[in-house]
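Please look over the following structure together with the report below, which moves from the overall fold to strands, cores, cysteines and charged pairs.

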Amino acid sequence: RPLEDLFHNKYFILLIDLLLVYIFWKLFTRFTRKALEKSKRDNVLIGFVVSAETVLAVFLAIMLAVSVALDTKIVRILGGAGVAVLAIILKDAAANVMGGISVLASKKVNLGDRISVANGQVGYVTKIDLMFTTIKGTDSKLVLIANAKIMSEGFVNYTWEDKRRIECVLHVLDGQDIDAVRQILIETAKKEELVLKSPEPSVAVIGIEKGNAVLELRAWCSAKQDYELEERLYEKSYKALHGEGIEVL
């Protein structure tokens, strides 16, 4: 009799249902991961699919719990007014999911890419899941960015191409020999091992501010070394100009 009562207890049945959902989720995600790995899909897609399966399993578990608490069927919860309520609650989540799908479909972002987003966050992509894209900054801080925000506000992928042009802006004080400055900067860039030989480095005057010439040193490098090269060029350019008695801001 106690055993029979137990199997008629709705909370015990819920526990069994949740256990089955968990077992199904574990088996299905394991199967999916192995299938995608065998098909040589990239890690971004594998992580995204597994994340989607996890979200669906959690959603189903929540619906089961709600159905028991309200003593009604899931179909009724999902029908009529329930759909409208869920749509409102999950509006932002749905936008992020669609954003994640758009990021994957565009193939403009991959793991390891260095990107910047509209809010100024810059870092290397470490994960793209159903709701968020995770980037790791140069300070090793992990930042989660909503996929919807990435797609709506845009982003810059610095490593999309194999090589990238670095621009170092220097303000040369009035009265300095611009041609001499240009030659020093170009020679400095050519001596830097990270700078590609082709296209060759160049220097352009891009403006005048308060009587001072604004010069831009342009050099090409591997896209994955852009951040390092930018730091090196600024430091070496300053030292080279200072060594020749040329003052810069």
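## Overall make-up

The protein chain comprises 9 helices and 8 strands. The model is a predicted one, and every value in this report was computed from it. Of the 249 residues in the protein chain, 31% count as buried, and the chain exposes about 15700 Å², of which carbon and sulfur atoms supply 59%.

Contacts across the sequence can be described in a similar way: when residues at least 6 apart in sequence are considered, 60% of the contacts in the protein chain join residues that are at least 24 apart.

## Strand E8 and its partners

Strand E8, which spans residues 212-222, is mostly covered, with 8 of its 11 residues buried. Strand E6 (residues 163-172) runs antiparallel to E8 and is joined to E8 by 10 bridges; within this pairing, Lys-163 stands opposite Ser-222 of E8.

Strand E7 (residues 202-209) is also antiparallel to E8, and here 7 bridges join the two strands, with Leu-217 in E8 serving as the bridge partner of Val-203. E7 and E8 form a hairpin with 2 residues between the strands, and in this hairpin Lys-210 takes a positive phi near 55°.

## Nonpolar cores

The largest nonpolar core contains 22 residues, and those with the most contacts inside it are Val-181, Leu-185, Leu-215, Leu-217, Leu-229, Leu-233 and Leu-241. At least two residues of this core come from each of E6, helix H8 (178-191), E8 and helix H9 (226-243). Leu-217 therefore appears in two roles, as one of the residues with the most contacts inside the core and as the bridge partner of Val-203. Leaving aside neighbours within four places in sequence, Leu-241 is in contact with Leu-170, Val-181, Ile-184, Leu-185, Ile-246 and Val-248. A second core, separate from the largest, has 9 residues, among them Val-103, Ile-115, Val-117 and Ile-135.

## Cysteines

How many disulfides does the model contain? The count comes to 0 disulfides. Cys-168 is in no disulfide, and the nearest cysteine sulfur, which belongs to Cys-221, is 9.8 Å away, whereas a disulfide would require the two sulfur atoms to be within 2.5 Å. Cys-221 is likewise in no disulfide, its nearest cysteine sulfur being that of Cys-168 at 9.8 Å.

Are these two cysteines buried or exposed? Cys-168 counts as buried because its relative accessibility is 1%, and Cys-221 counts as buried because its relative accessibility is 0%.

## A buried salt bridge between Asp-226 and Arg-114

The structure holds 10 salt bridges. In one of these, the side chains of Asp-226 and Arg-114 meet with an N to O distance of 2.7 Å. This pair links distant parts of the chain, since Asp-226 lies in helix H9 and Arg-114 in strand E1 (residues 114-117), 112 residues apart. Both Asp-226 and Arg-114 are buried.

## Salt bridges between helix H9 and the loop from H8 to E7

Lys-236 forms a salt bridge with Glu-192, and the closest N and O atoms of this pair are 2.7 Å apart. Because Lys-236 lies in helix H9 and Glu-192 in the loop between H8 and E7, the pair ties together parts that are 44 residues apart in sequence. The two partners are covered to unlike degrees: Lys-236 is partly exposed, with a relative accessible area of 37%, whereas Glu-192 is buried, with a relative accessible area of 2%.

Glu-193 and Arg-232 also meet through their side chains in a salt bridge, at 3.5 Å from N to O. Glu-193 lies in the loop between H8 and E7 and Arg-232 in helix H9, so this pair ties together parts that are 39 residues apart in sequence. Glu-193 is exposed, with a relative accessible area of 67%, while Arg-232 counts as partly exposed at 24% relative accessibility. These residues belong to a network of salt bridges that links Glu-192, Glu-193, Glu-228, Arg-232 and Lys-236.

Key:
Residues numbered from 1 in each chain as written. Predicted model: local features only at pLDDT ≥ 70, side-chain atom pairs only at ≥ 80, totals over all residues. Heavy atoms only, no water. Buried < 20%, exposed > 50% of the residue type's maximum accessible area, 1.4 Å probe, protein only. Helix = DSSP H or I, 4+ residues; strand = E, 2+ residues; numbered from the N terminus. Pairing = 2+ DSSP bridges. Core = buried A, V, L, I, M, F, W, Y, C linked by side-chain atoms within 4.5 Å. Contact = heavy atoms within 4.5 Å. Areas by Shrake-Rupley, 256 points an atom, 1.4 Å probe, with all protein chains shown as cover. Salt bridge = Lys/Arg side-chain N within 4 Å of Asp/Glu carboxyl O.
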